[in-house]
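Subject: Structure handover

Hi,

Here is the structure I promised to pass on. My notes on it follow below.

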Amino acid sequence: FDMNKTAWAATVAAEGPTPQEVAESLLTFIRAFFLTHGGNSITLLAAHAGGGEILYQSQSLKKGAPSKADRSARGIGTLEMDYVDTEIHAAMVDLAQRIEKNADGGGASMLSSTFAMAACISNRLISDKLRRSIPRVLLVVSGTELPNQYIP
């Protein structure tokens, strides 16, 4: 997800969607993705002028078992789609505040480094012999760069 405030401001000025509208659509897509199969998992990366970082990663993709605090906070039998909205929203708000505080919003987003992170995560999933998965990357960007430059 591109967190470049300059690019989003240009999109909104051109009567395009706001970042909040796009984020809500992304959350709807993620909820639908979890509904298609109980074993689905996601990693949500954010690109910004300062680099890229993980906003959210499914517990099944993290190394190690979930902490006792994580399990008790979510309750027994809670599905990931029941709490993913609040965790992603909190991570996006936190990152937006850090970008605003550090004045990191200018310049182009580091899409190539963020895409490299996604490729590394995908490669780790593919090499896992115990998990049969077909990783996919969805790029949500607001800017003038063409996405075909990232597709081989």
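Arg31 and Glu24 form a salt bridge, with the closest N and O atoms 3.3 Å apart. Bear in mind that this is a predicted model. Arg31 also forms a salt bridge with Asp85, and here the closest N and O atoms are 2.8 Å apart. That second pair links distant parts of the chain: Arg31 sits in helix 2, Asp85 in helix 4, and 54 residues separate them. Together, Glu24, Arg31 and Asp85 make up a network of salt bridges.

How accessible are these residues? Arg31 is partly exposed, at 22% relative accessible area. Asp85 also counts as partly exposed, at 22%. Glu24 is partly exposed too, at 43%.

The whole structure holds five salt bridges. Another of them joins the side chains of Lys5 and Glu100, at 3.4 Å from N to O. This one also links distant parts of the chain: Lys5 is in helix 1, Glu100 is in helix 4, and they are 95 residues apart. Lys5 is partly exposed at 36% relative accessibility. Glu100 is exposed, because its relative accessible area of 51% is over the 50% cut-off.

Now Asp2, in the segment before helix 1 (5-13). Asp2 is buried, yet has no salt bridge. Why not? The nearest side chain of opposite charge is Lys5, 12 Å away, and a salt bridge needs the nitrogen and oxygen within 4 Å, so Lys5 does not qualify. Asp2 does have polar partners. Its side chain makes a polar contact of 2.4 Å with the side chain of Ser109. A polar atom of the Asp2 side chain also lies 3.1 Å from the backbone nitrogen of Asn4. Beyond four places in sequence, Asp2 touches Trp8, Ala47, Ser109, Val140, Val141 and Ser142.

Next, the strands. Strand 1 (residues 43-48) pairs with strand 2 in the antiparallel sense, over six bridges. A hairpin of two residues joins them. Leu45 stands opposite Ile54 of strand 2. Strand 2 (residues 51-57) is mostly covered, with five of its seven residues buried.

Last, the largest nonpolar core. It has 22 residues, and Phe1 and Ile88 touch the most other members. Helix 2 (19-36), strand 1, strand 2 and helix 4 (80-102) each give two or more residues to this core. Helix 4 supplies the largest share, seven residues. Outside its neighbours within four places in sequence, Ile88 contacts Leu27, Ile30, Ile42, Leu44 and Tyr56.

Best wishes

Conventions. Residues are numbered from 1 along each chain as its sequence is written. This is a predicted model: local features need pLDDT of at least 70, side-chain atom pairs count only at pLDDT 80 or more; totals for chains, interfaces and linings use all residues. Side-chain values use heavy atoms; hydrogens and water are left out. Buried means under 20% relative accessible area, exposed over 50%, partly exposed in between (1.4 Å probe, protein chains only). Helices (H or I, at least four residues) and strands (E, at least two) are DSSP runs, numbered from the N terminus. Two strands pair if DSSP finds at least two bridges between them. A nonpolar core is a set of buried Ala, Val, Leu, Ile, Met, Phe, Trp, Tyr and Cys residues joined through side-chain atoms within 4.5 Å. Contact means heavy atoms within 4.5 Å. Lys and Arg count as positive and Asp and Glu as negative; His and the chain ends are not counted. A polar contact is a pair of N or O atoms within 3.5 Å; within protein, one must be able to donate a hydrogen and the other to accept it, and residues adjacent in sequence count only if both atoms are side-chain atoms.
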